[in-house]
Amino acid sequence: PAEVCPRSGMRARAVLLRAMAEPADARPALHPRLTRRGPVGVLTLGGKQPTADEARPDQPSRPPAVWSVRVELAGVGVALVDEEPREVLYASLAGVRLRLSASAAEQTAEMSVEHVQIDSCLEATRHPVVLAPTTSRDEEATPPTLRLLAKRQMGWEGMLVLDELAVALQPLGLALEQNLAARLFRLAAHLPRASDPASALAEASLDAGGAPSAEVAPPAEIFVRSLALHPMSCALTLQMEPLCDDPSLQRFHPTHELVGLAQQLLSLRSATLNLNALLLDDAHFPSADALGAKVAAHYQAQALRGLYRLIGSLDLLGNPAALFSDIGGGVRTFFYQPSSGLVASGAGGFAAGVAKGTAGLAGGVLGGAGATVFGAASGLTRLVGEATGGLAMDNDFAQRRRKAQQMRAEDAGHGLALGVKALGQGFCEGATGVLAKPLQGAMDDGARGFVKGLGRGLLGVAAKPLSGVASLVSKTAEGIASDANDLTARGRRAAALRTRVRQPRLIGPDGVLLPYPKMPIGSPTTDEQ
C-alpha cells in the first residue's frame, strides 16, 4: 500500500504496478539457469529461456578405470660432478614411499621421505653436510622429513579440482662455505644458456611447412578445496671466508666484488628463518601460474619479515639473535623435563628430569651468553686486526694473515694456540721487515725503491705486532665462544650435522672412478663415515 511504502521505494512500486497491469504474456520473466564451475554451483537469473542442456548442470564425464601403484625405495642418490671432473655434491633420499591410486571419483597421490640430505664432496670443508633435518635419525618417533598429499576430484573438463593439497617439511639445517659456493657458481657459469620460453613457444607453434599450427588450448583452471602448506623452519649457517683454497676459484667467490666490512655481511651462524603456513579454503585460480604466484608471494613476504633475524645472526655481531633463543630453550627444558619424567617414570623420572632441566637451563643461559659475548669480541678484534694489518702496506703479509685467520678455533685451547702463532708471526715479520723491505725495494727500483721499502718496513714494525695481538685476542675469544656454543641445544644440533651419507668419490684425470682410500679400522675418519 502507498501509505506504508517508504519514499525511497515509491519508484520501484510504480514499476511493479505497471508490469502487473500488462497482459500475462507480455510480462518480463526471470528464468533460472544453474551451471557449475568445477564443484561450485552458479545460479544465474536472466530473461532468456535456457535450453535443455543449459538448464541441466554440468555433470562429470565418464570416470576412469580403477588402478593403484605403490613404490617403496630404501634410498636414492644423485651426484653432481663439475667439468674437472670432480664430485661437488651428493644428494640422498632415504625411505621413499610413493602411492598413486585412482577410483571412479578421485585420484590420490601420497609421498613421504624419511630423510633428506645433501653432502659436500670437497675434501677440506668445514661443513661436510650442506642440508639435512635438524632432528637426529636416531630419535624415536621422528616424523618423515617430507610429506606430500594431493587428492584430485575427477570429471571436470577444463578445470583441475583438488579436494586436498598438503605439504609438510620438517626443520632443516643449511650450512655453506666459500669453497663450495665458488664451485657451484663456476659450474653455473659454464652451463649453456636456456632459450627464451616465448621464442620457443613461437617456434613450436609453426609446423614443418611454416604454417601456424592448431590453437594452443588455454591453461586449465584450478580449484582447491583445502590447501595447507605447513610452517617451515631453516637454520642457516654461512661462513664466507675471504679466500678460497683453490686460487682459480677466487673470481667466483660470492664476495669477490665486495671489499672491507661488506665481506663480513655474508657470515651467519645458526640464523633461524621461520616461514608461516599458507592455508586456503575453496580457492580458485585461473591457471597453475596464478597458484604459483600466490605461493611465491606468500613466502617472499615471510622471508622479508625474517630478515631482521638474519641481521641479528651476523658473526660480526656475535649472533645476538641466538642468545634469546638459547635462553628460551633452556627455560622450556627446565620446566618440561621434570613434568615429562614424572608422567613417564614417577618420582625417579622426576629427579632425572630435574637434572636434565637444570643442565638445559645452565647450557641455554650460560652457553648462550658466553657464545654471544665472546663471539662479538672475536668479530670486533678480527676487524681491528684486518685494519692494522692493512697499515703495514704488505700484500704478502695480508694474504698470509687472512689464510691463517680462516682456520676455525674448535675450542679455547685450539684458539689460544692459533692466536699465539699469529702473535709470533706478527713480531717476527715486523722485525725482519725493517731490513728485508728496503733491500727488496732497492733491488726493484733503486734508491727510490729503497726509500719506499724503508717506509713500509718502519710501518710494519708497529702494525704487524699489533695485528698479531688482535689475532691472539680474536682466536682465543673464538675458541671460548665455540666451547660455550657446544653447551647449548643449538650447538649440539649443529654437531650432529657432520656425518656424510658416504665418502666422496675420487675421479681420475681420465674420468675413471678410483677406489676408495683404505683407512685403518677404528680411525676417526672410518668411524665417522
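In this predicted model, Leu227 touches Leu165, Leu278, Leu279, Leu280 and Leu291, leaving aside residues up to four places away in sequence. Leu227 belongs to the largest nonpolar core, which has 17 residues. Together with Leu229 and Phe285, Leu227 touches the most other members of that core. Five elements give two or more residues to this core: strands S8, S10, S12 and S13, and helix H5. Their residue ranges are listed below.

| Element giving two or more residues to the largest core | Residues |
|---|---|
| Strand S8 | 159–169 |
| Strand S10 | 221–229 |
| Strand S12 | 268–275 |
| Strand S13 | 278–285 |
| Helix H5 | 288–305 |

Another core lies apart from this one and has 6 residues, including Leu236, Leu238, Ala271 and Leu310.

Helix H3 covers residues 178–190, which is 13 residues. From its first C-alpha to its last, H3 reaches 18 Å, close to the 18 Å expected at 1.5 Å a residue. Which residues of H3 are buried? They are Gln178, Asn179, Leu180, Ala181, Ala182, Arg183, Arg186 and Leu187. The list holds polar and charged names, Gln178, Asn179, Arg183 and Arg186, beside Leu180, Ala181, Ala182 and Leu187. An α-helix has 3.6 residues a turn, so residues three or four places apart point the same way. The buried residues of H3 pack against six strands: S3, S4, S5 (106–120), S6 (129–133), S9 (172–177) and S11 (232–239).

Strands S3 and S4 also take part in a surface feature. A nonpolar patch on the surface is formed by Trp67, Val69, Val71, Leu73, Val76, Val78, Leu93, Leu98, Met111 and Leu148, with about 730 Å² of accessible area together. Strand S3 (67–81) and strand S4 (87–102) each supply at least two residues of the patch. The largest share, 6 residues, comes from S3. Val76, a member of the patch, has its place in strand S3. Is Val76 buried or partly exposed? Val76 is partly exposed, because its relative accessible area is 33%, and the partly exposed class runs between 20% and 50%.

For the chain as a whole, there are 11 helices and 15 strands. Buried residues make up 34% of the 529 residues. Among contacts between residues at least 6 apart in sequence, 70% join residues at least 24 apart. The chain exposes about 31200 Å², and carbon and sulfur atoms supply 63% of that area.

Technical notes:
Residues numbered from 1 in each chain as written. Predicted model: local features only at pLDDT ≥ 70, side-chain atom pairs only at ≥ 80, totals over all residues. Heavy atoms only, no water. Core = buried A, V, L, I, M, F, W, Y, C linked by side-chain atoms within 4.5 Å. Buried < 20%, exposed > 50% of the residue type's maximum accessible area, 1.4 Å probe, protein only. Helix = DSSP H or I, 4+ residues; strand = E, 2+ residues; numbered from the N terminus. Contact = heavy atoms within 4.5 Å. Areas by Shrake-Rupley, 256 points an atom, 1.4 Å probe, with all protein chains shown as cover. Patch = residues over 30% accessible without salt bridge, like charges linked within 9 Å, V, L, I, M, F, W, Y side chains within 5 Å. Salt bridge = Lys/Arg side-chain N within 4 Å of Asp/Glu carboxyl O. Expected span 1.5 Å × (residues − 1).
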